[in-house]
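Let's take a walk through this model, starting with a term we'll need along the way and then moving from aromatic rings to the nonpolar interior.

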Amino acid sequence: RISRTGVCLGLTLCPLAIAAYLASSHIYLKMSDLMASLADDPRALPTLALVVYYLYTKLLPMARLRTILLEIPFWIALFQLTDIGTFKIATALKTFIPLHVIWRYCRSTGKDMPVDGAVFVTGADSGMGQNTTHHLAKVGYHVFAGCYSKDSFAQYAGMDNVTPLVINVKDEKSVKQAADLVRKEIEGSDGKIAGLFGVLQCAGISYVAPFEYIPMSMFRDQVEVNYFGYVYVAQAFLPLVKESCAKDGARRGRFCFTSSGPLPGPGVPFITSYLGAKWAGDALCQGMRVELKLRQLPIDCCMLSPGVVKPTRLAEDGQKLLEKSFELMPAKAKTEYYDMIDAFRRFQIEEPGTHVSMVGTQMEKIMKHGRPYMRYFVGPDAVASTVVGCLPTGLREFLLRNTLMKHFKDCPKFIGG
C-alpha cells in the first residue's frame, strides 16, 4: 500500500523530474549544435576553453551542491535567450558573465571579521544556546552565557573564557541587570575583553496545544519568552554593542534572533502561539536590520532558522509539557485533540533532524561574515519550509496533512478534505 508520504513526494517530484528531463534534452541539442559549429569558427575552441576555465576557477572554491544548482538556471537562460547553437559565443559571454558577477556580489559575505571581544548568548542552559556557548568559546570569543538557572553554571566550570550569568528573558528588570553585569565585566577586564560584538538569542519555550483550549497564561508565556524576550534583550544590549563597535579599528557587531520555520513558511497546527511569537520576532529582526543600516551603524541583524534540531530540551521535555498542557485545559480538549497532537508528536520524534552542533557552526558564520546574510538555515527541512510556504494554499495544506499528520488515521487525505 502506497503511503500518504509516498503520494505526496510523488506529486511533488514528478513535475520537477519532467522539467529536469526537458531542460537536459534542450541543453543536449544545443550542445550538439555547438560542437558541430566548432569546425566552422576558428574562435570556437579558444572561447570554449575560456568558458571552461572561468567555470573551473569560480566553482571550484565553492564546490557545493547548492552553488551548482543555483548556476543551472543561468545556463538554461543563457542557452535559451542567446541561441548558443548558432555559436554567438560573444553574446553569450556578455550575458552570462555580468549575471554571474552580480549574483556572486549579492551572495558575497565580504571580508571575514576577526575573532575579537565577547558575545552574549541566551538560553545557555541547554540545547542550541549551550552548544553555541561551547562552540564560540572554542573558536576564541569570550562568551557571556545567559542561563535561566544557576544550576547550569556547573557545565562551564574550568572554561576561562565563559562567564555564566542568570537572566530571565521575559523579565525586563532581569535583562537590564544582566546587561549591567556584562558591561562591568568588560570594563573591569583591563582591555582583555575588547567589547561586546554579538548578542545571540537562543532562549525559547514551546507548548503543544490546540488553539481552541490553550490557557491564556500559557499563550502569554510563550509570547513573553519568544518575542518580548527578544525585544528586552535587544534594547538592553544595543547601547553596549554600539559603544564597542564605535572604537577605532573595531569589528562589526551582530544581533541574531532564532526563528522556528522562516517566513514565508507554512502555518503548523498545535503550536500557534509559539509560531506567532517567532514570526513576530522575524519581523522585529528585519525592521531592526534596516533601521541600523539607515543609521549607518556597523551592526547587522540576522535570523537563524533551524528545522528539527536534536537533541534539545524542547524535544526531550515535549511529552511532559504536553501532559501539563492538557491538565490545564478542559477535559473535552483531550477527547477532541489528544489523538491529533499525539500523531503530531510522533512525527517530530521520528524525524532524524539535524544535530544541534550545526547551530554553533552557523552562529560562528554569523559572527565571521563581513556582510552577513539576513537568514542562515540549519537543516534541509528549514530550507524546504520556505519553499512549501510559497506553494498554493490547497497544495501546502495537503503536504502538511500528509506529512506532519501522517500518523493520524482520520486525517483528511485530499485538498479541501
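A residue is called buried here if its relative accessible area is under 20%, exposed if over 50%, and partly exposed in between. Keep in mind that this is a predicted model.

With that in hand, go to Phe326 and Tyr338: both are buried. Their rings also pair up, with centres 5.3 Å apart and planes at 55°, so this pair counts as tilted. Phe326 sits in helix 10 (residues 318–327) while Tyr338 belongs to helix 11 (residues 331–350), so the pair ties together parts that are 12 residues apart in sequence. Tyr338 has another partner too: Lys334 lies over the face of its ring, 5.2 Å from the ring centre.

How many aromatic pairs are there? The count comes to 10. Take Phe211 and Phe219, for instance: the ring centres are 6.3 Å apart and the planes meet at 70°, and since over 60 degrees counts as edge-to-face, that's what this pair is. Phe211 is exposed, at 54% relative accessible area, whereas Phe219 is partly exposed, at 21%. Elsewhere, ring pairs join Tyr213, Phe270, Tyr337 and Phe344 into a cluster.

Now for the nonpolar interior. The largest nonpolar core has 36 residues, and the members touching the most others are Phe120, Val182, Leu196, Phe237 and Phe255. Quite a list of elements feeds this core with at least two residues each: strand 1 (118–121), helix 6 (172–187), strand 4 (196–201), helix 7 (216–245), strand 5 (253–258), helix 8 (272–294) and strand 6 (299–306). Helix 7 gives the largest share, 10 residues.

Val182 is a handy place to look at the packing. Skipping its neighbours within four places in sequence, Val182 is in contact with Phe120, Phe144, Leu165, Leu196, Phe237 and Leu240. Apart from this core lies another one, of 27 residues, with Tyr207, Ile214, Phe270 and Cys411 among them. You've already met Phe270 in the ring cluster.

One last stop takes us back to helix 7, where Asp221 is found. Is Asp221 buried or exposed? Its relative accessible area is 14%, so Asp221 is buried. Which residues does Asp221 contact, leaving aside neighbours within four places in sequence? They are Lys170, Ile205 and Tyr207, and Tyr207 is also one of the members of that 27-residue core.

Conventions. Residues are numbered from 1 along each chain as its sequence is written. This is a predicted model: local features need pLDDT of at least 70, side-chain atom pairs count only at pLDDT 80 or more; totals for chains, interfaces and linings use all residues. Side-chain values use heavy atoms; hydrogens and water are left out. Rings of Phe, Tyr and Trp (its six-membered ring) pair if their centres lie within 6.5 Å; planes under 30 degrees apart count as stacked, over 60 as edge-to-face and the rest as tilted. Buried means under 20% relative accessible area, exposed over 50%, partly exposed in between (1.4 Å probe, protein chains only). Helices (H or I, at least four residues) and strands (E, at least two) are DSSP runs, numbered from the N terminus. A charge sits over a ring if NZ of Lys or CZ of Arg is within 6 Å of the ring centre and within 35 degrees of the ring normal. A nonpolar core is a set of buried Ala, Val, Leu, Ile, Met, Phe, Trp, Tyr and Cys residues joined through side-chain atoms within 4.5 Å. Contact means heavy atoms within 4.5 Å.
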